[in-house]
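Reader: Hi! I have a model open in front of me, and I would like to work through it with you, one question at a time.

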Amino acid sequence: GEALGIDTLAEGIEEHVQLETLRSENCRYGQGFLLSRPVQPAAVEKLLHASQAAGGEAFKQAAHLAHVA
């Protein structure tokens, strides 16, 4: 993504070693079981509201690899 000047999204992140590799490659966005289990569509709104009430930090952590512990 960096060489092309576009953001990329890694899918299927399940292990910490995968996350660390992606971080080292400057991949900023990803999804997978390591970050969050699947969420039913009806629960997404609740998740976003809870994140907003917590200052948005929970959503930022799930969406942005640089913030995931």
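Reader: Is L48 buried, partly exposed or exposed, and what is its relative accessible area?

Author: Good place to begin, and please keep in mind that this model is predicted. L48 sits in helix 2, which covers residues 41-53. Buried would need a value under 20% and exposed a value over 50%. L48 falls in between, so the answer is partly exposed, with a relative accessible area of 38%.

Reader: Which residues make a nonpolar surface patch with L48?

Author: Residues join such a patch only with over 30% relative accessible area, and L48 has 38%. The patch has an area of about 300 Å². The partners of L48 in it are V39, V44 and L47.

Reader: Where is N26 found, and what is its phi?

Author: Let's place N26 before turning to its angle. N26 lies in the loop that links helix 1 (16-24) to strand 2 (29-31). With 47% relative accessibility, N26 is partly exposed. Its phi is positive although N26 is not a glycine, with a value near 65°.

Reader: What pattern does the protein follow along the sequence?

Author: Start with the parts: there are three helices and two strands. Read along the sequence, they give the pattern β-α-β-α-α.

Reader: How much of the protein's exposed area do carbon and sulfur atoms supply?

Author: The protein has 69 residues, and 19% of them count as buried. The area that the protein exposes is about 5200 Å². Of that area, the share from carbon and sulfur atoms is 56%.

Methods:
Residues are numbered from 1 along each chain as its sequence is written. This is a predicted model: local features need pLDDT of at least 70, side-chain atom pairs count only at pLDDT 80 or more; totals for chains, interfaces and linings use all residues. Side-chain values use heavy atoms; hydrogens and water are left out. Helices (H or I, at least four residues) and strands (E, at least two) are DSSP runs, numbered from the N terminus. Buried means under 20% relative accessible area, exposed over 50%, partly exposed in between (1.4 Å probe, protein chains only). Patches are made of residues with over 30% relative accessible area and no salt bridge: like charges are joined within 9 Å, nonpolar side chains (Val, Leu, Ile, Met, Phe, Trp, Tyr) within 5 Å. Accessible areas come from the Shrake-Rupley method with a 1.4 Å probe; for residues, only the protein chains shown count as cover. A salt bridge is a side-chain nitrogen of Lys or Arg within 4 Å of a carboxyl oxygen of Asp or Glu.
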